[in-house]
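Work through the following exercises with the sequence and the model at hand, and read each solution only after attempting its task.

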Amino acid sequence: MAKLLVHLSTGPENPTRAALALLVARTATAEHEVSIFLAGDAVQLLRPQTAEAAVGVGTGNFGEHLDTLRSSGVPIFASGMSSKARGLDVGSVEGVEPAQPQKLIELAVAADATLSY
């Protein structure tokens, strides 16, 4: 079983790309150990209304993918600095752990592959 890191920095301005990142992560959980790190504009997708509104062309609903990943126990991290800069209290988002850049580096080094969207 390979370790896969999905790093998402694309936000609600590109719902197709954002939803694709989580669709790939969701698909990979069937055969691999997956972790997710959201940074930059992607943290805005952790707001429930924004997550539900982010529907990609052919890539599904970001919010549905996020809910499935959370309920599957996939570790999801969000940049604390990106969140703070965008007025989001990521510590209050269920199933998401606030993290600093060092955590992203740790996950990337431990992963067999990193996919960035």
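**Exercise 1: Inventory of elements**

Task: Establish how many helices and strands the protein chain has, and in which order they run.

Solution: The count comes to five helices and seven strands in the protein chain of this predicted model. Reading from the N terminus on, the elements follow the order β-α-β-α-β-β-α-β-α-β-α-β.

**Exercise 2: The sheet**

Task: Determine in which order the strands of the open sheet lie, and which of them are edge strands.

Solution: Begin with the order, which is S6-S5-S2-S1-S7 for the five strands of this open sheet, with parallel pairing. The edges are strand S6 (97–99) and strand S7 (113–116), each of which pairs on one side only. From one strand to the next, the twist averages 25 degrees. Now take one pair in detail: strand S2 (residues 33–38) and strand S5 (residues 76–79) are joined in the parallel sense over three bridges, and Ile36 stands opposite Ile76 in S5.

Helix H1 (residues 15–28) packs on the sheet, where it touches strand S1 (3–8), S2 and S7, and its direction makes about 165 degrees with that of S1. Helix H5 (residues 101–110) also packs on the sheet, touching S1, S2, S5, S6 and S7, with a direction at about 140 degrees to that of S1.

**Exercise 3: Overall dimensions**

Task: Compare the radius of gyration of the protein chain with that of a compact globule.

Solution: For 117 residues a compact globule would have a radius of gyration near 13 Å, and the protein chain, with 13 Å, agrees. Along the principal axes, its C-alpha atoms fill a box of roughly 35 × 35 × 20 Å. Finally, 43% of the 117 residues count as buried.

Conventions
Residues are numbered from 1 along each chain as its sequence is written. This is a predicted model: local features need pLDDT of at least 70, side-chain atom pairs count only at pLDDT 80 or more; totals for chains, interfaces and linings use all residues. Side-chain values use heavy atoms; hydrogens and water are left out. Two strands pair if DSSP finds at least two bridges between them. Helices (H or I, at least four residues) and strands (E, at least two) are DSSP runs, numbered from the N terminus. Axes are lines fitted to C-alpha atoms, for helices over the stretch in contact, and angles run from 0 to 180 degrees between N-to-C directions. Contact means heavy atoms within 4.5 Å. The radius of gyration is taken over C-alpha atoms; the globule rule is 2.2 Å times the number of residues to the power 0.38. Buried means under 20% relative accessible area, exposed over 50%, partly exposed in between (1.4 Å probe, protein chains only).
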